[in-house]
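This report examines selected local features of the structure shown below. It treats cysteines, the metal site, secondary structure and backbone geometry in turn.

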Amino acid sequence: MKLDLSQLPVVDVHCHPYTRKEKLTANEFTDVTAFGGGSTQYLSEAGLPVDDAALARLQRSKRDTVYFRNLIHRLADLFDCEPDVEQVVAARNRAVAAEGYTAYNTRLFQSAGVTTLVMDFGYPVPNIPVARFRAETGVEIAPIYRIEVLIAELLKLDIGWSECRRRFDDTLGDALGRQGFRGLKSIIAYRTGLDISPLSRNPDQGMQAWEAIQRGTGGGAMKKLRDYFFCRSMELCMEHAVPMQVHTGMGDWQVQLTACRPALLMDLLRFPTFRGCHVLLVHTGYPYHAEAGYMANVLPNLWCDLSEGIPFAGQAAKRILAELLEMAPLSRVCYGSDAFGSAEPFHVSARLGKQAVAQVLESLVDDGMLSAAEAQTAAGLILAQNARELYSLI
Ligand SMILES: [Zn+2]
């Protein structure tokens with residue numbers, strides 16, 4: 001059987017804002033939309049040459065991923081031009097000039113069905129103001145506050161523990177209250193890893209760690225401090241009735257690849273204090289996505305999002321969703337892209353997401369696992385409704 005999802009709305013549950021870009025060269029477009037492929041910073045930090053040959057090598061790697069090739073093919077369809085980076089970028093620049101930047105952005109979202117972005121404003125740095133991004137793109141935004149931005153600011157200050165603790169609580173309370181952020185996010189998997197003891201919620205642990213860092217007798221104090229702040233953030237999420245997003249699985253080259261498995265969160269999530277916290281495993285732990293699906297099966301307040309696997313793992317989009325759905329309830333899986341840089345990856349990712357959702361659900365119907373009606377309902381849940389419910393978006 002065939003599902004037609006072309007008219008379904010899409011909520012992108014994990015993505016990042018981007019700065020205004022009216023006109024780009026082909027190389028600039030590649031740099032802002034590619035996933036991986038290395039960076040000049042990676043080389044220069046190590047004293048390696050960043051000459052023309054190195055730059056050409058970086059460009060080649062970025063353009064040689066299946067994700068990037070697919071991006072160019074789908075944009076060539078959209079702009080009715082040859083699937084060539086130079087031509088696609090030239091067509092993109094002409095469209096921005098002809099339509100105006102905001103109208104062009106709005107069109108790219110709308111033509112892929114994207115109505116709402118649940119957006120992590122903690123990246124890029126410096127952070128982009130929510131109101132500015134909203135005005136420039138004309139799309140509904142549910143902003144998310146990343147706790148590591150605040151932790152980095154606190155670590156620069158010469159203040160005592162009680163003042164630090166007060167500022168942490170007050171800043172997050174203000175973000176979730178007055179400023180209208182719809183949830184918190186942690187990238188502790190990029191810092192000290194996901195093996196967080198639930199006992200880290202004790203403020204005494206935070207105090208001991210904070211004072212050890214200030215005295216320069218750190219040792220493992222930074223992990224203890226980050227673990228305390230993570231637990232405190234979950235408590236604040238419960239107090240404000242908003243979800244907590246946790247980065248799991250792959251990311252850029254700085255991720256702690258051996259400490260990012262979703263399974264490492266198991267002790268924390270099933271600890272009685274935290275059972276009531278609604279948690280979204282960002283990237284569904286890919287490449288540990290089947291493990292995340294199992295966790296969503298046994299833990300009733302856990303959701304998984306498909307971002308990064310879709311679109312950056314290319315053809316694996318359907319495999320990741322199929323393996324996630326081996327165990328995860330249909331009501332606990334959300335579409336996400338992790339798109340950044342410019343509007344085009346958001347558009348292409350949503351189309352790829354619809355394709356993967358259709359392919360996986362059609363195969364479940366063909367195998368007699370779901371009825372056609374159940375598959376149609378499930379598509380609506382995964383693409384938008386589960387995220388709407390999780391984030392109380394009316
Ligand atoms: Zn992200």
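In this predicted model, the sulfur of C231 lies 10 Å from the closest cysteine sulfur, that of C277, which is too far for a bond. A disulfide would require the two sulfur atoms to be within 2.5 Å. C231 is buried, with a relative accessible area of 0%. A search of the whole structure returns zero disulfides. C15 likewise takes part in no disulfide, and its nearest cysteine sulfur, in C334, is 13 Å away. The relative accessible area of C15 is 0%, and the residue is buried.

The metal site comes next. Which protein atoms serve as donors of the zinc ion? They are NE2 of H14, NE2 of H16 and OD of D338, lying 2.1 Å from the ion. Along the sequence, these donor residues follow the spacing H-x1-H-x321-D. H14 belongs to strand β1 (residues 10–15), whereas D338 sits in the loop between β9 (333–334) and α16 (343–366); the pair therefore ties together parts 324 residues apart in sequence. H14 counts as buried at 1% relative accessibility, and D338 is buried at 6%.

Strands β1 and β9 also belong to an open sheet of eight strands, ordered β1-β2-β3-β4-β5-β6-β7-β9 with parallel pairing. Both are edge strands of this sheet, each pairing on one side only. The partner of β9 is β7 (residues 302–305), to which it is joined in the parallel sense over two bridges. Here C304 stands opposite V333 of β9.

Two helices can be described in terms of length and burial. Helix α3 (residues 52–63) has twelve residues; at 1.5 Å a residue it should span 16 Å, and its end C-alpha atoms are 16 Å apart, in agreement. A54, L58, Q59, K62 and R63 are the buried residues of α3. Viewed down the helix axis, they fall within an arc of 165°, so they line one face of α3. R57 and R60, on the other side of the helix, are exposed. The cover over the buried residues of α3 includes α1 (26–33), α2 (40–44), α4 (66–79) and α5 (85–99).

Helix α11 (residues 221–240) contains 20 residues and reaches 29 Å from its first C-alpha to its last, close to the expected 28 Å. Of these 20 residues, 14 are buried, so α11 is largely enclosed by the rest of the structure.

The backbone has some less common conformations to consider. Most residues other than glycine have a negative phi, and most peptide bonds are trans. Two residues with positive phi are tabulated here.

| Residue | Phi | Location | Relative accessibility |
|---|---|---|---|
| D80 | near 55° | loop between α4 and α5 | 71%, exposed |
| A241 | near 55° | loop between α11 and β5 (244–247) | 66%, exposed |

A241 comes just after α11.

Which residues does a cis peptide bond join to P287 and to P311? Y286 is joined to P287 in this way, with omega of about 10°, and P287 lies in the loop between β6 (279–282) and α13 (289–298). I310 is joined to P311 by a cis peptide bond with omega of about 10°. P311 is found in helix α14 (residues 309–312).

Definitions and conventions. Residues are numbered from 1 along each chain as its sequence is written. This is a predicted model: local features need pLDDT of at least 70, side-chain atom pairs count only at pLDDT 80 or more; totals for chains, interfaces and linings use all residues. Side-chain values use heavy atoms; hydrogens and water are left out. Buried means under 20% relative accessible area, exposed over 50%, partly exposed in between (1.4 Å probe, protein chains only). Donors are N, O and S atoms within 2.8 Å of the metal (3.2 Å for Na, K and Ca); water is not among the atoms, so sites may look incomplete. Helices (H or I, at least four residues) and strands (E, at least two) are DSSP runs, numbered from the N terminus. The expected span of a helix is 1.5 Å times one less than its number of residues. The arc is that of the directions from the helix axis to the C-beta atoms. Contact means heavy atoms within 4.5 Å. Two strands pair if DSSP finds at least two bridges between them.
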